[in-house]
Amino acid sequence: MAIAKAERLMNLALCLLGTRRPLSKRELRESIEAYLEAGSDDSFNRMFERDKDDLRELGLVIETVENLDGEVGYLARRDSNRLPPITLDAEEAAALGLAAKVWQQARLAGAASGALQKLRAAGLPEDVDPYEAHGALEPRIPVHEASFEPLMLACRDRRPVVFDYRKATAARPEQRHVEPWALECWRGHWYLAGWDRDRGAERVFRLSRITGKVRSRSGRFTADIPDVVTVRETVASWAGENADRSALIRLRTDAGYPLRAKATAVRELGDGWDELEIPYGHGLDAWLVEFGPDVVVLEPAELRADVVDRLRAVAKG
């Protein structure tokens, strides 16, 4: 069965690469023996769609063209499917290997492995093994949220989405209509940056606070998409990365190591407590709440009030 499918895919690829004009489904069916043996039109259509998707997954660029009569045809232009020789030194190959390793425990593991196989086919030296280089390093990006994959696809395809989102200060989730721009991982948490249609403004959403399914919506984006650098800066800002002042907190001894790593000053208070001065930026209140009773905010007063409000909201459920 595997050999038969491989032969069918090869024949389809040769037909699409060998034609100078788009070929219709009917013409492709008449040209490939396996398609002629399909029992019905439905069987052929299902087989053809699967094969077309498989070829695209393997990297073949297949164009869909509609002629003047409204008939759809397919072809794979040679200039669109020709890669220049790939030359990578050991360090570059190692970097690609580390990037692929990042996703080995996520849904993108197959895509990462497939990308390296395509590089092999395009000329990656056989004596260079991206997976083995610097094998002591085992980078991982956790992807536990069910919303990650549909949001990743929506960002790629520029599709608006709808989902229920529970803010840290809210007892119940609210429906949000969003034009997704990019996903960013920060401090072990995934964030979505995009345009909130209901609020008419740029917003950042933490994926762990998305409840239920992410639903796609038809139509185009209504807001301009900023460049990648701007999106990343926005995620960092909303997550508390860009600090413009300092906060003073009390922290239990031997607790809150991420806070200690960010501290600009630490003073032992005794009785199991330390005093820390840490950068204060947007989103710090939400981060401090995660440490529960191990943290007490001393100043500024507005940060203390925000943390208290969040804790009360959590207590109310």
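Two residues are in contact when they have heavy atoms within 4.5 Å of each other. Keep that in mind for the views below, which come from a predicted model.

**View 1. The whole chain, in a few numbers.**
Let's start with the overall count: the chain has 11 helices and 12 strands. It runs to 317 residues, and 36% of them count as buried. Now for the contacts: taking those with a separation of 6 or more, 55% are between residues 24 or more positions apart. As for the outside, the chain exposes about 18900 Å², with carbon and sulfur atoms supplying 51% of that area.

**View 2. Helix H7 and its buried side.**
Helix H7 covers residues 148-157, and its buried residues are Phe148, Leu151, Ala154 and Cys155. These four sit on the same side of H7, because they cover an arc of only 130 degrees around the axis. What do the buried residues of H7 pack against? They meet strand E4 (161-165), strand E5 (174-186), strand E6 (189-196) and strand E8 (210-216). Look just past the helix as well: H7 is followed by arginine 158, which has a positive phi, near 55 degrees.

**View 3. Arginine 206 and its neighbours.**
You'll find arginine 206 in strand E7, which spans residues 201-206. Is arginine 206 buried or exposed? Its relative accessibility is 10%, and buried means under 20%, so arginine 206 counts as buried. Leaving out residues up to four places away in sequence, arginine 206 touches Tyr165, His189, Trp190, Tyr191 and Glu290.

**View 4. Arginine 267, another arginine in a strand.**
Arginine 267 belongs to strand E10 (residues 265-270). Its relative accessible area is 46%, and the partly exposed range goes from 20% to 50%, which means arginine 267 is partly exposed. Which residues does arginine 267 touch, not counting those up to four places away in sequence? The answer is Asp274 and Glu275. Arginine 250 is 17 residues from arginine 267 in sequence, and their C-alpha atoms are 9.5 Å apart in space.

**View 5. A three-stranded open sheet.**
Here's a bit of background: strands of a sheet pair through backbone hydrogen bonds, either parallel or antiparallel. The open sheet in this view has three strands in the order E1-E3-E2, with antiparallel pairing. Strand E1 (23-24) and strand E2 (63-66) are the edge strands, each pairing on one side only. Zoom in on E1 and strand E3 (residues 72-75), and you'll see them pair over two bridges in the antiparallel sense. Leucine 23 stands opposite tyrosine 74 in E3.

Technical notes: Residues are numbered from 1 along each chain as its sequence is written. This is a predicted model: local features need pLDDT of at least 70, side-chain atom pairs count only at pLDDT 80 or more; totals for chains, interfaces and linings use all residues. Side-chain values use heavy atoms; hydrogens and water are left out. Buried means under 20% relative accessible area, exposed over 50%, partly exposed in between (1.4 Å probe, protein chains only). The arc is that of the directions from the helix axis to the C-beta atoms. Two strands pair if DSSP finds at least two bridges between them. Accessible areas come from the Shrake-Rupley method with a 1.4 Å probe; for residues, only the protein chains shown count as cover.
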